[in-house]
Amino acid sequence: MTKIKSISIKGLRGIKEQLTLEPNQKSVLLFGENGSGKSSITDVIEWFYNNRIDHLSGEEIGRGGLEALKNIFLNDNTDAVADLEFTDEKLNSQKTIYYKAGSLHSEFSNPEPIFKEYVDMSRKENLILRHQDLLKFILFSKKDKLDNLSEIIGFSEVSKVRDILGKAVNEVKREYKKGNYDHQVSTQQPKIIESLGRTVNTDDQFVEAVNELVKPLNIGIKIERIDEIGSLLLQLKKPEDRLFIELQSFYHKTFDWASNLLPVLEIIEDLFKKYTDQFQKIISDVEKINKILLENLLTEGVKLINTNAYTIDECPLCLHPKPLSELLKELETRIIELQSFKKEKLKLNELKGSLNKELREASNKVHLLLSDKNTNTEENRELKDRIERFKTGLEIYAAQLNLELLSGQQLKACETIRIDRENINRAAAFCRQKFEAMREATKDNPRIDIHGRILLSREAYNNIKKLKKESEIVLHQQNSLEAIYSEFLKKQKESLESFLTFFSNDINELYQFMNPDEKVENIRLVPIEKADELAGITLEYNFFKNAESPPHKYLSESHLNCLGIAFFLTSVKAFNKSNKFFILDDVISSFDTTHRKRFADLLIGKFSDYQVILLTHEPNFFEIMRNLAKRNQWIINTLKWSKQIGTYLAKEPINLLKHKIESKLEANDEDGLANDIRQYIEQTLKDIAYKLKVRVTFMYNDKNEDRMANELLTDLRHHLKKEKALGLNDNPIIERLQSSSLFIGNKGSHSSLFKPGIGDLIATWKDVNEFEALFSSNKCPV
């Protein structure tokens, strides 16, 4: 996995002149006061990988944040450069911002596919945590938690398959409902009973009933199989009967159509209601409309370039010169950023497509009816008017779907364009009445009456068989898809729960490390189900042994920040597969003293195999971390800023406590000075004891860090005596410092009646400096 060997920055953010940091795979601790430009390093690394900086990507800044990224004091003709070198030299690259034809551009110097693949992989990893992002995941909604984790662990692809299966299940359910099979079968069965005088369930029963029906005609024909009915009907029909039979069949067919429209209308109205809700949701948010419009524009730009319809190296909109490859990359990046808004539009388009399909199928049947010659007779004018009225209702729905989001027009309310059921019922009643009248007219003509009965019953019997077969197929599809979908959800849930358990254990371990012996335990990510489907993730924990959620219900800001850090660090361990480094930028600003110490121990103890780049403006935390980092070979430095060169590294790392003491001595400021000197003596002795491997009495972490100066000096003298450091153990400065630390340092820094004066403190500080000089690396004989 990759670590950073060198970072060199010039002309970016607060860094004007070149700033070079060479950690060479080691961890880095950087101190910088507010305004020193320390976050410029974080910004540059984020831009290097992501081609953007989240907090600089707003519309008001524009141009992908490049103008805000380039140092404002840098000449337009001077390039701004970030140069990163890694443990794998094949990944080394510069990234440059430069002016060309009056506009800013950026590009990498490394064109190799392996580098591009590395950058793409790194974009998916957790590399940077800023203070403002600490609680982002913790305070996410349940659905956003699920979406965020799904995206990180690749579960979003699984979710896409789940969504496709879910849509397929809903589509088949809709088809089954629209088929209205049970109702249609129930309307066909009475036609058979009415025509044949009995119920019929098999082909043999149907053949038997037909033979009984034609027997009174004495035509000498008896059929054996159902497929012989066609020949029988030809024998019964005469040429002059053709028009009568066609018209009777027309009324029967149209009656069936009108009688089965109800479920179709229900589906159309339900889809239109959902479409209206989604349409309104989008147009009520102006920013959302603008984002969708922008996404459409960018998508068209990508299509234009990919089809080679545009080959000039300039932006087709603003005409600024820009290589097409770079322009295409920027367009694709912006489209990715707009994915959430694209999903809203995609959902609207899916609803629109489903509704259009239903309208198209209904319209096709209407077209067939209106093109039938029997519809266009004077006798059937009323029926035609009712069918056309229904057609107009469908067209009103279709017209609503043609309204653009940005047209400024509102969709009609669902209830105002609801298709009139009464009109459909009257059309069905009209056909039923006409059909019954024609049957009544054939009572005096047994041959044609029997012909009509056989024809009607055969059509009804065939319809029942067809409907039952279709119903069985669709129901089998529905059951199969539902079984697949259910099993998929089960496996998805099991996999996610398994991952969340593992992930939660790590979060809990890190949180407990920073918050030992507290009543917040068993922190866990728990999947939320809704209607047997995965709907989100919540964060639960035991608070005084009671299960609670969400975290901010009871936890303080400092505890919530610990939770945010635990989640980030767990994500680093779980998901970062390309990089072995991460950046923490001012993440402890709201931590109390105890949490700062535990956090420092956590980084040193649990992440020693990672390269940590830690930036802070907190002097106290810097001193806590500095002592630990120094012992673990971290690179330690201080950042400053000037108008002439911008952010720069101080030539020597500043010891903030020493600087504070010397400033107070110079100003004769006694306030807290004795306590500062005591702390400095203890820090110095710890460093010396560590370097010389002085044996001390074992204590646990917190108590070990709180050792007093007198104890350390005593153990140091024993060590020097054992090592026979002649002249060093008996050096009077050690005796003086032990006396000073025991009397002046300790008593002057704690509650005591003794208050050392400035002269006492100056003398003590002089002893400290002499003591340090005695043990400096080039003088100490041990």
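This briefing describes selected salt bridges and one helix of the structure shown above. The structure is a predicted model. A search of the whole structure finds 39 salt bridges, among them the pairs and the network set out below. Side chains of opposite charge can pair when their charged atoms come close.

**Salt bridges within a helix**

- Asp120 and Arg123 are joined by a salt bridge between their side chains, with an N to O distance of 3.5 Å.
- Both Asp120 and Arg123 belong to helix H3 (residues 113-123), where they stand three residues apart, about one turn of the helix.
- Asp120 has a relative accessibility of 29% and so counts as partly exposed; Arg123, with a relative accessible area of 30%, is partly exposed.
- In helix H15 (residues 421-441), Arg432 and Glu436 are four residues apart, which means that about one helical turn separates them.
- The side chains of Arg432 and Glu436 form a salt bridge at 3.1 Å, N to O.
- Arg432 is partly exposed because its relative accessible area is 32%, a value between the limits of 20% for buried and 50% for exposed.
- Glu436, at a relative accessible area of 28%, is partly exposed.

**A salt bridge between distant parts of the chain**

- Glu509 forms a salt bridge with Lys606, and the closest N and O atoms of the pair are 3.0 Å apart.
- This pair links distant parts of the chain, since Glu509 lies in helix H16 (residues 446-514) and Lys606 in helix H18 (residues 593-606), with their positions 97 residues apart.
- For Glu509 the relative accessible area is 39%, so this residue is partly exposed.
- Lys606 also counts as partly exposed, with 34% relative accessibility.

**A network of salt bridges**

- Salt bridges link Arg13, Asp43, Glu46 and Arg130 in a network.

**Helix H20 and its surroundings**

- Helix H20 covers residues 656-666, and its buried residues are Leu656, Leu657, Ile661, Lys664 and Leu665.
- The buried residues of H20 pack against one strand, S3 (28-32), and against the helices H19 (619-631), H21 (673-692) and H25 (758-774).
- After H20 comes Asn668, which has a positive phi, near 55 degrees.

Key. Residues numbered from 1 in each chain as written. Predicted model: local features only at pLDDT ≥ 70, side-chain atom pairs only at ≥ 80, totals over all residues. Heavy atoms only, no water. Salt bridge = Lys/Arg side-chain N within 4 Å of Asp/Glu carboxyl O. Helix = DSSP H or I, 4+ residues; strand = E, 2+ residues; numbered from the N terminus. Buried < 20%, exposed > 50% of the residue type's maximum accessible area, 1.4 Å probe, protein only. Contact = heavy atoms within 4.5 Å.
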